Amino acid sequence: MNNRRLLFTLAAIVALAMPLQSKEYTILSPDKSLSVTLSDDSVLTYSVVLSGTTVLERSPLGIYRDDVAYPCAMTVSRALAQRTGNIDYDNPRGKCSHVAKSYTEQEFEVAQGKFAVVFRVLNDGVAFAYRLTGKGKGVKVYAEETGFRFPEGSRAFCSQLAKGKSGWCATNPSYEDHYHFDVPLEEESEHRQGWVFPLLVHNGDVWTLLSETGTDESYVACHLGEARDNCYQIKFPEDGHNMAYDPTWAAVDTPYLTPWRVMAISRNIADIVATTLPDDLVEQKHVAQVEYKPGKAAWSWLFYADAWTTYDGSRKFIDMAAELGFGYCLIDAFWDQWIGRERIAELSAYAQQKGVRLLLWYNSNGNWNGASYLSPTNIMNNAEKRRAEMEWMRSIGVAGIKVDFFGGDKQNSIKLYTDILADCNRYGLICNFHGATLPRGWARMYPAFFNAEAVMGQEFCRGNHENEAMRARHITVLPFTRNAVAPMDFTPTVLNEVLGQDANLSLRSTTTAFELALPVIMFAPLSHYGLIPDDLKRMPRSLFDYFRELPTVWDETRLLSGYPGRDVVMARRSGNVWYVAGINGEDTAKTIDVDLSQLAAKGSAQIFTTVAASRGEVACSEGNKADGTIKFALQPRDGFLIVIK
């Protein structure tokens with residue numbers, strides 16, 4: 001790594017020593033509000049401006065391959081003509097059911113480096129990728145010089161990359177960490193591994209969400225290094241990811257287009273929450289072999305841990321799923337040992353009679369971590385075993401899988417993800433990844449992909465009082481960051497006062513109304529809930545109906561108000577029904593005004609709020625008008641829910 005960085009530095013020195021013939025090329029968004037300027041003075045840089053305000057100062061560009069001799073000057077040898085294009089697609093499993101927008105694109109060839117830079121500028125953001133030129137097999141891409149240099153004084157909301165082989169059973173990195181809130185860019189991560197995508201930056205009133213999309217088995221998944229001189233630079237996977245002998249570089253066949261580096265940019269933070277850029281820049285890679293159906297899932301582990309991975313315990317959760325109209329029930333780890341395959345087939349038949357289909361948990365493998373004792377294992381990492389298992393699942397009517405404990409972001413790990421997704425589609429199974437990397441455009445690329453964790457979710461609070469104390473605030477940053485770029489399996493909504501069967505576990509720090517708001521605040525086409533069968537005994541009819549009717553995919557998503565780390569008011573529409581939910585993530589009471597007139601919603605509103613002087617009891621009022629402003633006096637870590645029909 002140090003030798004490569006030395007080569008890059010020498011390349012810059014050589015370039016700067018050459019006579020300068022500075023050239024600049026500017027690309028404008030269709031509405032002319034965003035501009036990207038590529039500067040070529042023997043070193044390639046780019047900058048971004050939004051309506052006169054600098055978003056990115058001159059930031060480095062470059063990609064390094066093993067068949068190019070360094071140092072060498074990198075200059076634009078040819079600028080192709082600008083062109084315009086349109087993006088128009090339906091997204092039946094998204095937070096927005098239809099997307100239509102336009103862009104301006106320009107490509108710049110760099111002969112010395114054997115690559116081109118492709119820029120797309122949209123009204124809501126900027127994206128770019130490298131096109132590696134020539135014809136070659138297994139060309140090694142060692143690193144990128146790509147950077148994002150923000151103006152002085154910018155601040156960030158960011159989550160650190162955990163060190164490989166750290167954490168429980170050496171299962172890191174799994175993108176499961178707390179966020180640093182509104183910190184200066186020079187803030188360093190505790191592990192000195194840098195930061196995961198996505199990363200949110202604001203400079204004054206301009207917001208920028210950094211991420212990447214389009215990553216598949218042909219490349220590595222990248223992250224961001226520590227900011228130096230206000231510049232975050234792309235980094236390839238760390239040595240500690242996966243197995244030690246797995247390379248950190250990517251081997252590609254040229255010509256080749258790298259994954260896109262994406263920046264959602266706006267003065268209105270609501271646009272960041274609603275962004276569809278990670279899906280806009282990719283294409284579907286598989287033809288769906290079945291009609292994949294979004295839905296809600298019951299799940300015993302969050303409350304009962306492994307104790308209820310039994311035949312009788314699973315039947316109770318299947319019964320609950322059927323009563324609540326959930327389409328799925330997840331059977332977690334050890335089902336192969338404690339229930340057995342024959343009785344899983346019986347459970348599947350029982351569930352289908354009730355309109356419910358099973359999801360089964362699998363270990364991704366375990367040889368890159370210490371969790372190999374959790375079974376079933378050594379199936380998903382082997383193509384022959386995986387396909388035989390999926391054929392068995394299809395034969396007994398299982399709907400899908402949850403695969404856990406991936407080892408990192410190296411290319412062979414990304415190939416394991418995409419191989420699993422390809423085979424899931426082959427056998428008509430939906431797929432949910434846990435202990436996993438950030439999904440990068442996979443919701444549109446792969447029909448079988450429904451969800452991924454890649455977040456410090458509810459399970460981290462079960463036996464950890466500190467995490468539970470931080471949970472409400474932590475949730476308020478997720479709509480602006482992790483959940484803005486991809487579906488997120490947080491596994492929300494716990495109604496029990498204790499987060500588990502053992503009274504010594506964490507007490508829930510939030511109100512019940514806060515918990516009811518979470519399925520609207522968070523987006524997941526396959527949404528697992530922390531409800532338990534006993535909840536049905538004390539659940540009023542109004543809540544019962546809410547859970548039965550609540551969608552998991554949406555025609556429209558709008559952030560009505562909010563700020564990461566403070567509070568969120570989210571509105572989502574399905575058909576002619578609006579769901580509006582708000583949460584207070586702070587430890588102080590506050591009043592939040594919600595203007596429903598901006599939704600142009602017709603009909604009456606059903607409102608759920610916390611009963612005064614209570615944290616567990618919810619009041620439901622019916623027949624409220626949906627065309628005015630409603631004031632909500634929220635307790636600390638409190639929330640509300642509005643359903644407009």
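In this predicted model, helices α13 and α15 meet through a small set of side chains: L516, P519 and V520 of α13 are in contact with L543, Y546 and F547 of α15. Two packed helices are described by the angle between their axes and the distance between the axes. For α13 (residues 512-521) and α15 (residues 541-549), the angle is about 15° and the axes lie 12 Å apart. Angles under 35 degrees count as roughly parallel, so α13 and α15 are roughly parallel to each other. Their crossing is left-handed.

Helix α7 invites a look at its length and its two faces. This helix runs over residues 341-353, and at 1.5 Å a residue its 13 residues should span 18 Å; the end C-alpha atoms are 19 Å apart, in agreement with that expectation.

Which residues of α7 are buried? They are I344, L347, S348, Y350 and A351. These residues lie on the same side of α7, because they cover an arc of only 165° around the axis. An α-helix has 3.6 residues a turn, so residues three or four places apart point the same way. On the other side of α7, E342 and Q353 are exposed.

The cover over the buried residues of α7 comes from both helices and strands, including α5 (311-323), α6 (335-338) and α8 (383-396), together with β21 (328-331) and β22 (357-363). Beyond the helix, α7 is followed by G355, a residue with a positive phi near 80°.

Note on methods:
Residues are numbered from 1 along each chain as its sequence is written. This is a predicted model: local features need pLDDT of at least 70, side-chain atom pairs count only at pLDDT 80 or more; totals for chains, interfaces and linings use all residues. Side-chain values use heavy atoms; hydrogens and water are left out. Helices (H or I, at least four residues) and strands (E, at least two) are DSSP runs, numbered from the N terminus. The expected span of a helix is 1.5 Å times one less than its number of residues. Buried means under 20% relative accessible area, exposed over 50%, partly exposed in between (1.4 Å probe, protein chains only). The arc is that of the directions from the helix axis to the C-beta atoms. Contact means heavy atoms within 4.5 Å. Axes are lines fitted to C-alpha atoms, for helices over the stretch in contact, and angles run from 0 to 180 degrees between N-to-C directions. Angles under 35 degrees count as roughly parallel, over 145 as roughly antiparallel, 65 to 115 as roughly perpendicular and the rest as oblique. A crossing is left-handed if the near helix is turned anticlockwise from the far one by less than a right angle, and right-handed if clockwise.
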